[in-house]
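Here are some notes on the model, set out as numbered points. They take up the charged contacts, then the surface, and then some points of the backbone.

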Amino acid sequence: MGDSPIYSRRSIRKFQDADVAREDIEEIIRAGSAAPSAKNRQPWKCIVLKNGSKEEFLGFMEKGIEREENSFAMLPKSKSGLPDAKNTLRIMREAPVLIVVINTNGKSPFSVLDADERFTEICDSLSIGAFIENMLLQAEKMGIGTLWIANTCFAYQELVSYLNVQGQLIGAVALGYAAEQPDRRPRKALDEISNFPVL
């Protein structure tokens, strides 16, 4: 395993009060764009938020979480995740940079898809997962901490309206210099996740 960023990467939830240079952010996104994608569609777009634009974005996220909690819940079966979403919001406020990731081919998760559209969405989501993982590993290699965030789902409509972009909001990556060194989280044993049937 050695010093590979695959094994040294951690999810960072405490960040230093230090900016990340634009050229470093660009290098991280460039690494993301080297990922494989279904039919080479490259269905990803990044919106980089800092300072005022980040605070505006997070203000809309907070409104969405409040709506989900107190009035009209669009994800009623996921209500138990709201405390974690609030904690994620706190982390995002501390991080100096947010990279919001859009599936440029995607539709709202609240829209109805036919089978062909669903398979395209699955393939594009796999592609974007590879894109994000490349960014996380490149950031780790550069000594920059990251947190992969999906809790934007609770404020999906508010955030898409604020961003005013076409496509599907996938999530975000919080970026900054780590103010913690988390231990490695447990992983399932190899025999739990793999099967080598006798051929």
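1. A salt bridge here is a side-chain nitrogen of Lys or Arg within 4 Å of a carboxyl oxygen of Asp or Glu. The model is predicted, and the structure holds 12 salt bridges. D19 and K50 form a salt bridge through their side chains, with an N to O distance of 2.9 Å. This pair links distant parts of the chain: D19 sits in the loop between α1 (5-8) and α2 (22-32), K50 belongs to strand β1 (residues 44-50), and the two are 31 residues apart. K50 counts as partly exposed, because its relative accessibility is 22% and the partly exposed class lies between under 20% for buried and over 50% for exposed.

2. Another salt bridge joins E55 and R93, whose closest N and O atoms are 3.7 Å apart. E55 is in helix α3 (residues 51-70) and R93 is in helix α4 (residues 82-94), so this salt bridge ties together parts that are 38 residues apart in sequence. Both partners are partly exposed: E55 has a relative accessible area of 36%, and R93 has one of 31%.

3. Which side chain meets R90 in a salt bridge? The partner is E94, at 3.9 Å from N to O. R90 and E94 both belong to helix α4 and are four residues apart, about one turn of the helix. That spacing can be read against a general rule: an α-helix has 3.6 residues a turn, so residues three or four places apart point the same way. R90 is partly exposed, with a relative accessible area of 41%, and E94 is also partly exposed, at 33% relative accessibility. Elsewhere, K54, E55, E62 and R93 are joined into one network by salt bridges that share partners.

4. On the surface, R13, R184, R185 and R187 form a positive patch. One of these residues, R185, is placed in the loop between β4 (168-176) and α7 (190-193). R185 has a relative accessible area of 56% and is therefore exposed, the cut-off for exposed being over 50%.

5. A nonpolar surface patch is also present: F119, I122 and L126 make a patch of about 340 Å². L126 lies in helix α5 (residues 115-141). With a relative accessible area of 61%, L126 is exposed.

6. Which residues of α2 are buried? They are I25, I28, A31 and G32. Seen down the axis of α2, these buried residues fall within an arc of 120°, so they line one face of the helix. R22, E23 and R30 are exposed on the other side of α2.

7. Two C-alpha separations may be set side by side. A85, in helix α4, is buried, with a relative accessible area of 0%. A85 and F154 are 69 residues apart in sequence, and their C-alpha atoms are 7.7 Å apart in space. N70, in helix α3, counts as exposed at 62% relative accessibility. N70 and D17 are 53 residues apart along the chain, and 33 Å separates their C-alpha atoms.

8. Where does K39 lie? K39 is in the loop between α2 and β1. Its phi is near 55°, a positive value in a residue other than glycine. As background, most residues other than glycine have a negative phi. K39 is exposed, with a relative accessible area of 75%.

9. Q42 also has a positive phi, near 50°, and is a residue other than glycine. Q42 is found in the loop between α2 and β1. Q42 is partly exposed, with a relative accessible area of 37%.

Methods
Residues are numbered from 1 along each chain as its sequence is written. This is a predicted model: local features need pLDDT of at least 70, side-chain atom pairs count only at pLDDT 80 or more; totals for chains, interfaces and linings use all residues. Side-chain values use heavy atoms; hydrogens and water are left out. Patches are made of residues with over 30% relative accessible area and no salt bridge: like charges are joined within 9 Å, nonpolar side chains (Val, Leu, Ile, Met, Phe, Trp, Tyr) within 5 Å. Accessible areas come from the Shrake-Rupley method with a 1.4 Å probe; for residues, only the protein chains shown count as cover. Lys and Arg count as positive and Asp and Glu as negative; His and the chain ends are not counted. The place of a charge is taken as NZ of Lys, CZ of Arg, CG of Asp or CD of Glu. Buried means under 20% relative accessible area, exposed over 50%, partly exposed in between (1.4 Å probe, protein chains only). The arc is that of the directions from the helix axis to the C-beta atoms.
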